[in-house]
Amino acid sequence: MHRLLASRRSLSPMLAILATASSFAACAPWELAEDDPPQVDDPGSVSIAAEPPPAISGGTLAVSKSAVRAVASDPDRDRVWVVDLQAQKLTAEIVLEKGDEPGRVVEDGAGRFHVALRRGGAIVTIDAGSGEIVDRRAACPAPRGIAYDATTDALHVACLGGELVTLPAGPGAATRSLRLERDLRDVVVDGDRLLVSKFRSAQLITVDGDGSVVARESAPQFDLFGQQFSPVVAWRTLKLPTGGVAMVHQRALVAPVEIVEGGYSSGGCDGSIVHSTVSELGTPTSESPTKVSAAIPSATLPVDLAISNDGASYAVVAAGTSEVLVTSRVSLSRDVGSEFNGEDPCDQTSQRIAVDGEPTAVAFAGSAMIVQTREPATLQVLALDGSRPRTITLPGESRKDTGHEMFHKNASGPMACASCHPEGGEDGHTWVFNPIGPRRTQFVSGGILNTAPFHWDGDMSGIEAIMGEVFERRMGGMHQGPRRVKIFARWIDSLPAPPVSPAPNAEAVARGEALFHDKTVDCASCHAGAQLTNNESFDVGTDKAFQVPSLVRIGARAPFMHDGCAATLKDRFVDPACGGGDKHGKTSHLSDEQIDDLVAYLETL
């Protein structure tokens, strides 16, 4: 077995100060003391990883075209595993730099594998035969999706910051870098065009050979027993053999959400206000009309998707229930307009396969299905002919963490915290809670525990209130004792803010920063400190006092305001009915150019 040890970078300032399982500093109420005893009301045992693992992103597995080799990224351990599927054994363990967080993997025409480093800002190229890294090239601060273009022997990389970067598959720096829009997720080569998905909005952008955006498509709205659901959170998008793409995503309730004891209620397939599905996009022609797909009940956190070799079946990883669901494309989809014609809009045909461990990725390999688990670290080979499954154990330290598990699972309900806060962020959705009103989902990364009280209304005094009112009462979760709540808070507090891309116009940013701190504009009086909030509530022209939100990574969190009324940051300033006018910073005297400068600065925070 080959092992390559790359140089390690130092911990980020946030991670460097976090306590470990054996040494907890007494500087915050959510941190644990060594002698903190187990609670009698704590369900089950607890585990605390020495370093809190990252939130689940999914889709970290690739199988070679020959189906003899699997390459799996391990963001929990900053490793890449190379496995011989025929011999059923690990052949290489590649250790990356600390904090690289490897993600998507793609094979090129020469049999090399390329891995997007989600926090490493680079693409690493691996010779799977020797188990060695042969290249590491800068791409963008936060690479997400990656695709290989056989026609041009090039790689296309989609980035969180909106960059779409092209590099040669062989050695060499980027040959093109487009700036599209934030929150890009996956990229698919479809003939002479690129199909690029957006994560939170579940949209598909079509980019032509010249780099121009020529089309935009959203998964259709969905009517479930008279209630409307909107597409959100596109976890994975893959090319279909017939053209276009398949996108596994969530759908969120548009109608008012009733807050009742025992869980939010929608009357949907499983009673949840969020459900999963797979939509087919990218081929909206008269011969191939847009299709609407049935809901897949109880597929909590659909973090990955695989398409069978014949294109007839989907496999979906439900990380929240530790299952893989296999369903037929035919049974799932209907043409828009025909809808379901009295048929059940809930897919009841899925084969549910329980996975031993915490699954995060899936791929088809000939007559088998390969499932990757993060904890324990394994590849599990599930034969489609029903023969006995086999497990390939991968080395590395345990990353089991109760806080991480509490965020991604809910044993007594159909939705998890990560359903609305994917990857520790937010779903971009404005929920209408009855009787509270419209409330935009809030961000939970980047030190959110320092911004209490929580929620737009400031009605949650701390993490204990969140767990009692939201997790238990509204989501139907089990009661969590004080020790488990502290472990959960420790994990939440470990989530770093996403990397930020450089601003295209540094001079505009500098002018905007000066305006932000100008007392005549008066932004910094409320948005100050490390979290860019004073943790207080004010009526800023919204006819009600709301909590001052943190501005950390505000540019990546559209739409804005408590009710999502501002589609862009500029809309927040130019529409007094939405932004509150001069009660919300004194900006009415600023020119359009000055507003643009202020927005340019905000997008760098």
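**Phe407 and Trp491 are both buried.** Buried means under 20% relative accessible area, exposed over 50% and partly exposed in between, with a 1.4 Å probe and protein chains only. The model is predicted: local features need pLDDT of at least 70, side-chain atom pairs count only at pLDDT 80 or more, and totals for chains, interfaces and linings use all residues. Residues are numbered from 1 along each chain as its sequence is written, and side-chain values use heavy atoms, with hydrogens and water left out. Searching the whole structure gives four aromatic pairs (rings of Phe, Tyr and Trp, the last by its six-membered ring, with centres within 6.5 Å; planes under 30 degrees apart are stacked, over 60 edge-to-face, the rest tilted). The pair of Phe407 and Trp491 is tilted, because the ring centres lie 4.9 Å apart and the planes meet at 45°. Phe407 belongs to helix α3 (residues 402–408) and Trp491 to helix α6 (residues 482–494), so this pair links distant parts of the chain, 84 residues apart. Helices (H or I, at least four residues) and strands (E, at least two) are DSSP runs, numbered from the N terminus.

**Helix α5 (residues 463–474) has buried residues, among them Ile463, Ile466 and Met467.** Val470, Phe471, Glu472 and Arg474 are also buried. The buried residues of α5 pack against α3, α4 (417–420) and α6, contact being heavy atoms within 4.5 Å. Gly476, just after α5, has a positive phi of about 75°.

**Strand β25 (residues 313–318) pairs with β26 (residues 323–328) in the antiparallel sense over six bridges.** Two strands pair if DSSP finds at least two bridges between them. Tyr314 faces Thr327 of β26. Four residues lie between the strands of this hairpin, and Ser322 has a positive phi near 55°. Strand β24 (residues 302–307) also pairs with β25, antiparallel and over five bridges, with Pro302 opposite Ala318 of β25. The hairpin of β24 and β25 has five residues between the strands, and Gly311 in its turn has a positive phi of about 75°. Because five of the six residues of β25 are buried, this strand is largely enclosed by the rest of the structure.

**Met369 is one of the residues that touch the most other members of the largest nonpolar core.** A nonpolar core is a set of buried Ala, Val, Leu, Ile, Met, Phe, Trp, Tyr and Cys residues joined through side-chain atoms within 4.5 Å. This core has 74 residues, and Tyr264, Val278, Val324 and Trp431 share that position with Met369. Residues up to four places away in sequence aside, the contacts of Met369 include Ala315, Val324, Val326, Ile353 and Val362. Ala363, Phe364, Gln380, Val381, Leu382 and Leu384 are touched by Met369 as well. A second, separate core has 23 residues, including Ala508, Val521, Leu569 and Phe573.

**Strands β6, β7, β8 and β9 form an open sheet in that order, with antiparallel pairing.** β6 (102–107) and β9 (132–138) are the edge strands; each has a single partner strand, so one side of each lacks a neighbour in the sheet. Strand β8 (residues 122–127) and β9 run antiparallel and are joined by six bridges, with Ile123 opposite Arg137 in β9.

**Val115 is part of strand β7 (residues 113–117).** Val115 counts as buried because its relative accessibility is 0%. Its C-alpha atom is 6.5 Å from that of Pro102, although the two residues are 13 residues apart along the chain. Beyond neighbours within four places in sequence, Val115 contacts Ser73, Val80, Pro102, Gly103, Arg104 and Val105. Ala122, Ile123, Val124 and Ile126 are also in contact with Val115.

**The charged end of Arg251 sits over the ring of Phe222, 3.7 Å from its centre.** A charge sits over a ring if NZ of Lys or CZ of Arg is within 6 Å of the ring centre and within 35 degrees of the ring normal. Arg185 likewise has its charged end over the ring of Phe199, 4.1 Å from the centre.

**Helix α10 (residues 592–602) packs through its buried residues against α7 (506–517) and α8 (569–574).** Ile595, Asp597, Leu598, Val599, Ala600, Tyr601 and Leu602 are the buried residues in α10.
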